Amino acid sequence: MWNVTDWQKVVFSDESRFVLGTDDNRVRVWRRPAYDSRSTLIVTRGTLTGHCYVDDILRPYVGLFLNGLPGAILQQDNARPHKAKVAQDFLRHFQTLQWPARSPDLFPVEHVWDQLKRQMPSCHSVHGLELVVQDLWAHRPQDNIRCLIN
């Protein structure tokens, strides 16, 4: 059985997809891994593939962050790009936490994204979306942390 000390080693990583406008203008937003809740956001456009996940998220942000945390364990959901061979090859150098299939309700970051989406006004540009999400994240860290704990 894991205790609080074990869970403090886990770095949760996840994104949320937003659609702007009526065409399929997909935008994904990640909270950059950090020690506090005021980290910057990573915004990507288009369809997320395993290669994009490695090139745009894992290599420049997650890998660097984990390298600075001895004993850290990465936890991500089972999204197809996260489970792609190229992503798994990159992550073989890091400790990862296996997660049950179809269990987003067990994934704490999903609750944070859900709460933020409920508070968001309508956005029609990537820049507007980034500003709104960053503002909501930065000004309500106690709620975000509470979501992670509950």
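Student: Is His124 buried or exposed?
Tutor: Keep in mind that this is a predicted model. His124 has a relative accessibility of 68%, and the cut-off for exposed is over 50%. So His124 counts as exposed.

Student: Where in the chain does His124 sit?
Tutor: Look at the stretch after α5, which covers 108–119. Helix α6 covers 126–139. The place of His124 is the loop between α5 and α6.

Student: How far apart in space are His124 and Leu20?
Tutor: In sequence, 104 residues separate His124 and Leu20. Going C-alpha to C-alpha through space, the distance is 5.4 Å.

Student: What pattern of helices and strands does the chain follow?
Tutor: There are seven helices and six strands to place. Reading along the sequence, you get α-β-β-β-β-α-β-α-α-β-α-α-α.

Student: Which strands stand at the edges of the open sheet?
Tutor: The open sheet has three strands, ordered β1-β5-β6, with parallel pairing. An edge strand here has a single partner, so one of its sides is left without a neighbour in the sheet. That description fits β1 (10–12) and β6 (95–96).

Student: Which residue in β6 is the bridge partner of Ile73?
Tutor: Strand β5 spans residues 73–75 and pairs with β6 in the parallel sense, over two bridges. For Ile73, the bridge partner in β6 is Gln95.

Student: What share of the accessible surface belongs to carbon and sulfur atoms?
Tutor: Of the chain's 150 residues, 43% count as buried. The accessible surface comes to about 9,000 Å². The share belonging to carbon and sulfur atoms is 53%.

Methods:
Residues are numbered from 1 along each chain as its sequence is written. This is a predicted model: local features need pLDDT of at least 70, side-chain atom pairs count only at pLDDT 80 or more; totals for chains, interfaces and linings use all residues. Side-chain values use heavy atoms; hydrogens and water are left out. Helices (H or I, at least four residues) and strands (E, at least two) are DSSP runs, numbered from the N terminus. Buried means under 20% relative accessible area, exposed over 50%, partly exposed in between (1.4 Å probe, protein chains only). Accessible areas come from the Shrake-Rupley method with a 1.4 Å probe; for residues, only the protein chains shown count as cover. Two strands pair if DSSP finds at least two bridges between them.
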